[in-house]
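Colleague: Could you walk me through how you decide on your labels? I keep meeting words whose cut-offs I don't know.

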Amino acid sequence: MERSFKKEVRSLTLGEGETFRGEGILAVTKALLQSGVSYVGGYQGAPVSHLLDVLVDAEDIMSDLGVHLETCSNEASAAAMLGASINYPLRGAVTWKSIVGTNVAADALSNLSSPGVIGGAMIILGEDYGEGASVIQERSYAYALKSSMWLLDPRPDLPTIVRTVEKGFQLSEASHAPVMLELRIRACHATGEFAAKDNIKATYSGLNRLSGPPRFQYGRLAHPPVTFTQEKLKIEERLPAACDFIRDQKLNERIPGDLSDIGIIVMGGLTNSALRALERMGLADVFGASRIPMLVLNVVYPLVPGEIREFCAEKRAVLIVEEGNPAYIEQAVNVELRHADIQTKVLGKGPLPQAGEYSSEVLLEGLAAFLQATRPNGIDADTLAEKARGLIAHKATAAAALGPLPPRPPAFCTGCPERPVFSALKLMQRELGPTHISADIGCHAFATFAPFSMGNSILGYGMSLASAAAVGPNLAKRPISIMGDGGFWHNGVITGVASNLFNQGDGVLIVMQNGYTSATGQQYMPSSLASRAGPAPGMDIERTLRGMGVKWLRKVRTYSVATMVTTLKEAMRTAERGLKVIIADGECQLARQRRVRVEDAEKLKRGERVTRARYGVDDEICTGDHSCIRLSGCPSLTVKPSPDPLRSDPVATVIESCVGCGLCGEVAHAAVLCPSFYRAEIVRNATWRDRALFRLRQTVIGWLGGYNGRLAA
Ligand code: SF4
Ligand code: SF4
């Protein structure tokens, strides 16, 4: 069950004279509709999943505007969609998580940016860099440089974000190059307001289709020999056209300041953090006025040489606030100033760290170091640096006063269907010994944390089986690859399965079939039991694998731990060569709970019988060994003091958040642990049969000596 964004969707219909209020990523969605796009698409991933989810829920609005929406099977297919803008005056936008998504899309992006576009083409990147990021730490900047795509990095303020999107399409058309708009996690979730405009119907769209293909032009293909001409066009025509547009339209901003012998050149996306750091030092106010002049780069590539020169002239030193590595902007500014023979000193990495997120605190320290190194006229740099260090120390003092906070490592949701598979893997390895585990991207990657700590490598989304290709032939035991159904359709079916079969490989593949791309918000995918259009798309993993020629294939319900252990042992021990696939079948519990909660509430309203399973631990039987916790890792399974005064070890207990998945009981059974788990059924709107059965059971228990005299109402 996908999340619903019906409320957010209403804000997409706002028109001229109305005020939009909401999150940055939703503002981008509205800006797309105000820009007259003909098509949008993408592949979900934090922090831009929201954009695609909202567009999916806004399908009615989109079809009124004639906008085609595509929920792509991966980022490469999303990037290839932009091919519509090569030949036709069609504006289009696609979105994904970067850097990983841009890596997947790279081939199509190169082939798009070489011929260039005539319709505005925009890629909205969730730049997942810094604290809270869930991917490798690299920047999208390198792609902008190598492929000559312009990189927009708007100041995280809603009017600026919206203007940058609208101007971004114009920039793309004026320079015939695709543009990328990067949004860090904070920009996506920054809230604010802007004056809305009416949505625009594109000149050509599903409502007014183009009459036919253009006259054949070899120059529109990314194919030799025209690629040599296209390389020249990028540098000789598109780049100057982009610089002219950026300058004429004032896409970059200047914040004046009285300390004019120094300056700060900041990536647009980092402006708020830099201003906050300055404000804490008394060098800016909360409304964004700064005493140090600033050049805010809402376009970080290309840099406009004239703007850099003008800003730096007459300044003794500038600080480049550029997060991450390599320091492209710092290098480019240095080169530009040397070419122009301007002797302004350029500082960046040095006062500021080489790598890692530039939070306001990091910037506070870096700005203090910059001021002490440059000693601008009109302020006492040492006093300000002292103040900055005091502010930073304050946090450490507060943290010490609070005491250590409990660590909160990410974990599977309570009742997750994927957790039992790792319990089974643990039990299997107890018997057969450790084996190489090729991990992958998805919720199942939570198994790399305690108590499972499983996985020897992660090479990318859907890459687990491919990354085991050279491991298997060099290891005594078969490697096990774990892949989600999302990863399977994203590319694992080709990069992993097809490659393995083609090479007559061996090994074990576990496909976690939970029904959604769960880690990104339970979006539908090809094998889901429903689609955004309603009916299931009808693609099936088992049928696909059999059709490809997989002979050894088992489908096991994930919660059946004992069966899963047996199946895993069989897969590891069989003399049969070839790929062995286990489809671990179990619906994402988070999605299931969302669905069941609504269904149950409706049943209760109608006075119908509703049951809920809960598990519990019998205090008197629990030995306090806690193997059940170590084997299941369920957050609803914890400890409490033993009620027996003769036992000092705490006993296991199940807390209120239990969803009754049954794993703890299954694990206790499969691992031959103590028989302390019991299953109870909570019945609401009980029938006369339930009540009669309950009374009968209580009576029998009483005869056996267990009834304590209390009967439920
Ligand atoms: S979102 Fe679904 S699949 Fe992912 S951890 Fe939670 S229950 Fe498991
Ligand atoms: S039944 Fe056991 S494993 Fe499942 S949610 Fe409840 S406590 Fe956790």
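Colleague: Why is Leu295 called buried or exposed, whichever it is?

Modeller: Leu295 has a relative accessible area of 2%. Buried means under 20%, exposed over 50% and partly exposed in between, with a 1.4 Å probe and protein chains only. So Leu295 goes down as buried.

Colleague: And what kind of model is this?

Modeller: This is a predicted model, in which local features need pLDDT of at least 70, side-chain atom pairs count only at pLDDT 80 or more, and totals for chains, interfaces and linings use all residues. Residues are numbered from 1 along each chain as its sequence is written, chains are lettered from A and ligands numbered from 1 in the order in which they are written, and side-chain values use heavy atoms, leaving out hydrogens and water.

Colleague: Where is Leu295 found, and which residues does Leu295 touch?

Modeller: Leu295 is in strand 11, residues 294–297. Helices (H or I, at least four residues) and strands (E, at least two) are DSSP runs, numbered from the N terminus. Contact means heavy atoms within 4.5 Å. Leaving out residues up to four places away in sequence, Leu295 touches Asn252, Glu253, Arg254, Ile264, Ile265, Val266, Glu307, Ile308 and Phe311. Take Val266: along the chain, Leu295 and Val266 are 29 residues apart, yet their C-alpha atoms are separated by 6.3 Å.

Colleague: What covers the buried residues of helix 13?

Modeller: The cover includes helix 11, strands 9, 10, 11 and 13, and helix 14. The buried residues themselves are Gly306, Glu307, Ile308, Phe311 and Cys312. Right after helix 13 comes Glu314, with a positive phi near 75°.

Colleague: What makes Glu323 buried?

Modeller: Its relative accessible area is 5%, so Glu323 counts as buried. Glu323 lies in the loop between strand 13 and helix 14. Its contacts beyond four places in sequence include Tyr129, Arg139, Arg184 and Lys349. Gln354 is 31 residues from Glu323 in sequence, and their C-alpha atoms are 8.1 Å apart.

Colleague: How do you know whether the span of helix 21 agrees with what it should be?

Modeller: The expected span is 1.5 Å times one less than the number of residues. Helix 21 (residues 561–573) has 13 residues and should span 18 Å; its end C-alpha atoms are 18 Å apart, so the two agree. Among the partners of its buried residues are helix 17, strand 17 and helix 24.

Colleague: Why does Thr567 count as buried?

Modeller: Thr567 has 7% relative accessibility, so it counts as buried. Thr567 is in helix 21. It touches Trp552, Arg554, Val556 and Ile582, not counting residues up to four places away in sequence.

Colleague: What makes helix 9 largely enclosed by the rest of the structure?

Modeller: Of its 18 residues, 13 are buried, so helix 9 is largely enclosed. Helix 9 (residues 158–175) reaches 25 Å from its first C-alpha to its last, close to the 26 Å expected. Just after helix 9, His176 has a positive phi of about 60°.

Colleague: Why do you bother to mention positive phi values?

Modeller: Most residues other than glycine have a negative phi, and most peptide bonds are trans. Ser148, not a glycine, has phi near 60°. His626 isn't a glycine either, and its phi is about 65°. His626 has a relative accessible area of 18%, so it is buried. As for peptide bonds, the one from Pro224 to Pro225 is cis, with omega near 10°. Another cis bond joins Tyr301 and Pro302, with omega about 5°.

Colleague: Where does ligand 2 sit?

Modeller: In the largest cavity. On a 1 Å grid over the protein atoms alone, a cavity is a set of points where a 1.4 Å probe fits but cannot get out. A molecule sits in one if more than half of its atoms lie within 2 Å of its grid points.

Colleague: How many residues surround ligand 2?

Modeller: There are 13, and the closest are Cys634, Cys658, Cys661, Gly662 and Cys664. A residue is near a molecule if one of its heavy atoms lies within 4 Å of it. By class, the shell has 8 nonpolar, 5 polar and no charged residues. Ala, Val, Leu, Ile, Met, Phe, Trp, Tyr, Cys and Pro count as nonpolar, Asp, Glu, Lys and Arg as charged, and the others, Gly among them, as polar.

Colleague: How does the shell around ligand 1 divide?

Modeller: Into 6 nonpolar, 4 polar and no charged residues. The residues around ligand 1 include Phe412, Cys413, Asn514 and Gln522.

Technical notes:
On a 1 Å grid over the protein atoms alone, a cavity is a set of points where a 1.4 Å probe fits but cannot get out, and a pocket is an open set with protein on both sides within 12 Å along at least five of seven lines; lining residues have an atom within 4 Å of a point.
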